[in-house]
Amino acid sequence: MNESHREPTLNLNLARAYLAATIRGWRSAAGNRDGRNATHGIPTTQHRCARGFRSSAYDSIRSKPLVQTTGADLLAIIHTNGNCVATYLRRLHNLAVDLGLAPVPVLAKRACPTPKQKQKTITAESMGIIASEKNTERRAYY
C-alpha cells in the first residue's frame, strides 16, 4: 500500500502493461468494424447510432484506447460539435462503462455539459397563423 503511494508513475505503467493484453478502443465500444453495436436496441436504433459514430466528429478518439482517453478529449468533442454528437458520445461512454470496457468513467456525469438549447422566436409568419386560427385550443397551442 505504501509503495503505491510513493510510486504513482510506476503503478500507472504497471496498470498499462496489464491492460495492454485487453486494450479496447472506442471502436470496440461502438460494436463491430462498421461502428454498429449489434446487441443494444432495435435495428433502426443500431443503424442510427452506427451512422452517428461514423461522423468525422469522433475521429480524434476513434482509434484511441479507452484507458488513454481523458475527459479533456471528450469535452473538446462536445464543445466543438452540436447536441447530437454530445448525446451519442455520452451514450457511447455510458455503454463502455456499463459493459466494463472502460474500467472507470472517463467523464463524470456532473462534468458533462448540458445540451445547448436554441432560442425559439415567434416570426411574423407564425403571428399571422395564430391570428387566422379560429379554434381557441389550437390558437393556444400555436
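A salt bridge, as the term is used here, is a side-chain nitrogen of Lys or Arg within 4 Å of a carboxyl oxygen of Asp or Glu. With that in hand, one such contact is easy to spot in this predicted model: the side chains of Lys64 and Asp73 come together at 2.8 Å, N to O. Lys64 itself is partly exposed, because its relative accessible area is 25%.

Stepping back to the overall layout, the protein chain is built with eight helices and zero strands. Followed along the sequence, that reads simply as α-α-α-α-α-α-α-α. The chain runs to 142 residues, and 27% of them count as buried.

Searching the whole structure turns up two salt bridges. Besides the Lys64 and Asp73 contact, there is a bridge joining the side chains of Asp59 and Arg62, with 2.7 Å from N to O. Its two partners sit in rather unlike settings. Asp59 has 47% relative accessibility, so it counts as partly exposed, whereas Arg62 is buried, with a relative accessible area of 11%. In general, side chains of opposite charge can pair when their charged atoms come close.

Arg62 has a further contact to show. Its charged end sits over the ring of Phe53, 5.1 Å from the ring centre. So Arg62 meets Asp59 in a salt bridge while being buried at 11% relative accessible area, and it also has its charged end over the Phe53 ring.

Phe53 leads on to the aromatic residues. The structure holds one aromatic pair. It is made by Phe53 and Tyr58, whose ring centres are 5.3 Å apart with planes at 40°, and the pair is therefore tilted. That label follows because planes under 30 degrees apart would count as stacked and those over 60 as edge-to-face. As for cover, both Phe53 and Tyr58 are buried.

On the surface, a nonpolar patch is formed by Ile129, Tyr141 and Tyr142. Together these residues have about 370 Å² of accessible area. Ile129 belongs to helix α7, which spans residues 124–132. With a relative accessibility of 40%, Ile129 counts as partly exposed.

Finally, the cysteines. A disulfide is a covalent bond between the sulfur atoms of two cysteines. The search of the whole structure finds zero disulfides. For Cys49, the closest cysteine sulfur is the one in Cys84, 9.3 Å away, so the gap is too far for a bond. Looking from the other side, Cys84 likewise has its closest cysteine sulfur in Cys49, at 9.3 Å, again too far for a bond. The cut-off for a disulfide is 2.5 Å between the sulfur atoms. Both residues are partly covered: Cys49 counts as partly exposed at 23% relative accessibility, and Cys84 counts as partly exposed at 49%.

Technical notes. Residues are numbered from 1 along each chain as its sequence is written. This is a predicted model: local features need pLDDT of at least 70, side-chain atom pairs count only at pLDDT 80 or more; totals for chains, interfaces and linings use all residues. Side-chain values use heavy atoms; hydrogens and water are left out. Rings of Phe, Tyr and Trp (its six-membered ring) pair if their centres lie within 6.5 Å; planes under 30 degrees apart count as stacked, over 60 as edge-to-face and the rest as tilted. Buried means under 20% relative accessible area, exposed over 50%, partly exposed in between (1.4 Å probe, protein chains only). A charge sits over a ring if NZ of Lys or CZ of Arg is within 6 Å of the ring centre and within 35 degrees of the ring normal. Patches are made of residues with over 30% relative accessible area and no salt bridge: like charges are joined within 9 Å, nonpolar side chains (Val, Leu, Ile, Met, Phe, Trp, Tyr) within 5 Å. Accessible areas come from the Shrake-Rupley method with a 1.4 Å probe; for residues, only the protein chains shown count as cover. Helices (H or I, at least four residues) and strands (E, at least two) are DSSP runs, numbered from the N terminus.
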